[in-house]
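Colleague: I have a model open and would like help reading it. Could you take me through it feature by feature?

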Amino acid sequence: MESGTCAEKDHVVVTVLDPKFKYEIASEPGGENIKYCFQCGTCTSGCPVSELDSKYNPRRIIRMAILGMRERVLASDFIWLCSTCYTCYERCPQDVRITEVMNALKNMAVKAGYIHPAFRAQAELIGGHGRLYEVDEFTNEKRAELGLPTLPGSSPEVAEIYGMTGLASLLSGKGA
Amino acid sequence: MKYAIFLGCTVPVRNLSYELSARRVARELGIEFADISEFSCCGYPVKSVHHETSLLLAARNLALAEEKGLDICTLCSACTSVLTETSRELAANEALLEKVNRSLGAIGRRYSGRVRVKHLARVFYEDVGLEAIKKAVKRPLDAFRIASHYGCHYLKPSEIYDHFDHPEVPQSLDRLVAATGAEAVDYATKKECCGGAILGVDENIALQMTRAKLDDIKANEADAINLVCPFCSVMYGANQRKIQAKYGTRYDLPILYYPQILGLAMGIDAEELGLSQNPIKPKALLAKIS
């Protein structure tokens, strides 16, 4: 049974909720204002992703997080659907800074072992080349032909930062 | 006017025409760019995965510009947001700056909090100014109707950008377009997101977001879309054909980067502005000015 739910009907069961979850979120960078949410729904009503697919619903995610539905939130696919457009962030009357709360939740999901494969791939590419797209020989030849400066294909300092922060270990599955 | 030019990841590999036109037009307008080859990814793509890593990548890039005594000019809106946010956070929070410097010290870098960050379009808008741009126009694009796509991180969060433009009623790009003599097309979905950030999570939703804007821009009979972000350009350019095939629609809507539009109006040769390298060839458009 997942934490925060009843096995038969998927209902929220108070006794298995984690009341500390919201404080943990509030101690993550970006998550500080989550408790200010008063569930007005301004975020969801202006969200371009919610408009197309109701499985992404920022108001619901924040309510679930405040209730303490830790596993349901962190293991979900929906937290990765925020397009980071900041529309809700600009409009939220309680300054919950929802886009940043979503980032805090995704950071927590990564530490709990739930990194989305697309984000893992991006993070690995940057750790390997210092950039999202490798600057290979072909690219540099083309750049030189156009009179543009060539660029290095790797960044040892970025790899060092990955080692220092523990992201390299997180990505290799060895834990931080 | 001298800046360290921050290319980011996408521009120098996938959007060479944006880089070519930016450098060409900047030179003409008296903006000097210095290249710093050690710049890496800005940090934005790992912000949602590992905040501390993102912060250090951004801080390292700021430190590199500071070593040269330069502020940063960005071409990508996502780079603009994470670098601006980090520059402001580190200038205001001494304890955090100290913590960041303990890590940067391990790779032989140090940041003291002095670098400021501006998107190229904002440099045109604020540093060069609309009047100087109008004066630089030699071939007004009177025959063009251009729809600007602001995207998200160019404007928001507005608090980190000193509210230089309004996030709900943005005007800077339309004014920059109008300064070239072209007609700035107004359309209902102007402020909407391209969807690019979730392309790898749910392609279906991401492409529908792009499609809704293409439909709207086409219905408003624009000749081209004005873009200032390379990732938005992946959505409206490279993915335009994919959307046409998937939904049975037809747009053939050229995308142009603002420096290409301005460069054309300044009388610069289309080839020097990289127009032949754009994903949707703007042939009909170019025929209007030749």
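Modeller: We start with confidence, then go through the chain contact, the domains, a sheet and one residue.

Colleague: What kind of model is this, and how are residues and chains labelled?

Modeller: This is a predicted model: local features need pLDDT of at least 70, side-chain atom pairs count only at pLDDT 80 or more, and totals for chains, interfaces and linings use all residues. Residues are numbered from 1 along each chain as its sequence is written, while chains are lettered from A and ligands numbered from 1 in the order in which they are written.

Colleague: What is the mean pLDDT of chain B?

Modeller: First the idea. pLDDT is the predictor's confidence in each residue, from 0 to 100. Where it is low, the predicted coordinates should not be read in detail. For chain B the mean is 96, and 100% of its residues reach 70 or more. The model scores ipTM 0.95 and pTM 0.96.

Colleague: How many residues of chain A are in contact with chain B?

Modeller: Contact here means that the C-beta atoms of two residues, placed from the backbone, lie within 7 Å. By that rule, 46 residues of chain A are in contact with 43 residues of chain B. Several helices of chain A each supply at least two residues to that side, among them α7 (98-111), α8 (117-129) and α10 (156-165). The largest share, seven residues, comes from α10(A). Helices (H or I, at least four residues) and strands (E, at least two) are DSSP runs, numbered from the N terminus.

Colleague: Which classes of residue make up that side of chain A?

Modeller: Ala, Val, Leu, Ile, Met, Phe, Trp, Tyr, Cys and Pro count as nonpolar; Asp, Glu, Lys and Arg count as charged; the others, Gly among them, count as polar. The side of chain A that touches chain B has 29 nonpolar, ten polar and seven charged residues.

Colleague: Where do the domains of each chain begin and end?

Modeller: Domain bounds come from an automatic or database domain assignment. Chain A is divided into domain 1 (14-111) and domain 2 (117-172). Their centres, taken over C-alpha atoms, are 30 Å apart. Chain B is divided into domain 1 (2-119) and domain 2 (138-289). In chain B the C-alpha centres of the two domains lie 24 Å apart. The contact between them takes 23 residues from domain 1 of chain B and 25 residues from domain 2 of chain B. On the domain 1 side, the elements giving two or more residues are α1 (11-14), α2 (16-28) and α4 (77-92) of chain B. α2(B) gives the most, with nine residues.

Colleague: What is the strand order of the open sheet of four strands in chain B?

Modeller: Strands of a sheet pair through backbone hydrogen bonds, either parallel or antiparallel. Two strands count as paired if DSSP finds at least two bridges between them. Here the order is β6-β5-β7-β8 (chain B), with parallel pairing. The edge strands are β6 (183-184) and β8 (255-257) of chain B, each pairing on one side only. β5 (145-148) and β6(B) share two bridges. Three bridges join β5(B) to β7(B), and β7(B) pairs with β8(B) over three bridges. B:Asn226 of β7(B) is the bridge partner of B:Ser148 and stands opposite B:Leu256 in β8(B).

Colleague: Are the residues on the two faces of β7(B) buried or exposed?

Modeller: A residue is buried if 20 or more other C-beta atoms lie within 10 Å of its own, exposed if 12 or fewer, and partly exposed in between; C-beta atoms are placed from the backbone. B:Ala224 and B:Asn226 on one side of β7(B), and B:Ile225 and B:Leu227 on the other, are all buried.

Colleague: Which strands does α11(B) lie across?

Modeller: Axes are lines fitted to C-alpha atoms, for helices over the stretch in contact, and angles run from 0 to 180 degrees between N-to-C directions. α11(B) lies across β5, β7 and β8 of chain B, at about 80° to β8(B). Eight of the eight residues of α11 (258-265) of chain B are buried, so this helix is largely enclosed by the rest of the structure. B:Gly267, with a positive phi near 85°, follows α11(B).

Colleague: Why does A:Ile61 count as buried?

Modeller: A:Ile61 counts as buried because it has 24 C-beta neighbours inside 10 Å. A:Ile61 lies in α4 (58-67) of chain A. Leaving aside neighbours within four places in sequence, A:Ile61 is in contact with A:Val73, A:Phe78 and A:Ile79.
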